[in-house]
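Open the model in your viewer and keep the sequence panel visible. We will go from one selection to the next.

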Amino acid sequence: NRSIQDAQAVMDNSDLDQAEELFNKIIAQSPLSARAWHGLAQIADKKGDQTKSIELLKRAIDMNPDYVDALRELIEVLAIRGPIRDLVEYARKAHGISPENPKYTITLAKAHLEEEDYASSELFFKKTIRLSPKLAQAYKGLGRLYMIQEDYDSAMKNFEKSLDLDEQDVSTLNSLGMTYVKLGKYQEGIDKYQAALK
């Protein structure tokens, strides 16, 4: 633990090469040290090698599947870079460890929507809303899902709820405008488009 703390301190002081050397020494003595692999992943990320960072984060999680810090970082990177299948896999692991955390349920909802697994996406959006009823992004995502399925009434209700919670969200204003137009409510649609433009 002291060696890892020393390596972390060196990394925090931006001496990445020295920190990398220290973490590698720890791994040479203790190859199953998830924290040391995680340290190397952070160094790779700071050096701009995200592919290597992802592989090292995966290795840290293989060493300790309950290592939440590495899991959280990996999910954040995969949410931006993908692939979606990896994101779903690791977000499911995180959800299994912390089933009441809406961050993981909404990540799963969005990932399943990208994969066009609409049933799973709806399930996780609704679970997110149960866990965090004031999270505008969950209603917005559910609205988007219903738009894709051409259930415009349900889409409208969810976009309206999202706007109640975050009235400045331009993409939700635009989506609600589109929903109103699909429902033949043209003036309401124009009003929302104009609000989005403002």
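Select isoleucine 190, which sits in helix α12, residues 186–197. The model is predicted. Is isoleucine 190 buried or exposed? Its relative accessibility is 40%, so isoleucine 190 counts as partly exposed, since buried would need under 20% and exposed over 50%. Now add asparagine 174 to the selection. Asparagine 174 and isoleucine 190 are 16 residues apart in sequence. Their C-alpha atoms lie 9.6 Å apart in space.

Next, select helix α3, residues 34–46. The end C-alpha atoms of α3 are 18 Å apart. That agrees with the 18 Å expected for 13 residues at 1.5 Å a residue. Ten of these 13 residues are buried, so α3 is largely enclosed by the rest of the structure. Color the buried ones: Ala34, Ala36, Trp37, His38, Gly39, Leu40, Ala41, Gln42, Ile43 and Ala44. What covers them? Show α1 (2–12), α2 (16–29), α4 and α5, which are among the covering elements. Then step just past α3 to glycine 48, where phi is positive, at about 90 degrees.

Last stop: select α4 (residues 50–63) and α5 (residues 68–81) together. Their axes come within 9 Å and cross at roughly 140 degrees. The crossing is left-handed. Show side chains at the contact. From α4, pick Gln50, Thr51, Ile54, Leu57, Lys58, Ala60 and Ile61. They meet Ala70, Leu71, Glu73, Leu74, Val77, Leu78 and Arg81 of α5. By type, the residues of this contact are nine nonpolar, two polar and three charged.

Notes. Residues are numbered from 1 along each chain as its sequence is written. This is a predicted model: local features need pLDDT of at least 70, side-chain atom pairs count only at pLDDT 80 or more; totals for chains, interfaces and linings use all residues. Side-chain values use heavy atoms; hydrogens and water are left out. Axes are lines fitted to C-alpha atoms, for helices over the stretch in contact, and angles run from 0 to 180 degrees between N-to-C directions. Helices (H or I, at least four residues) and strands (E, at least two) are DSSP runs, numbered from the N terminus. A crossing is left-handed if the near helix is turned anticlockwise from the far one by less than a right angle, and right-handed if clockwise. Contact means heavy atoms within 4.5 Å. Ala, Val, Leu, Ile, Met, Phe, Trp, Tyr, Cys and Pro count as nonpolar, Asp, Glu, Lys and Arg as charged, and the others, Gly among them, as polar. The expected span of a helix is 1.5 Å times one less than its number of residues. Buried means under 20% relative accessible area, exposed over 50%, partly exposed in between (1.4 Å probe, protein chains only).
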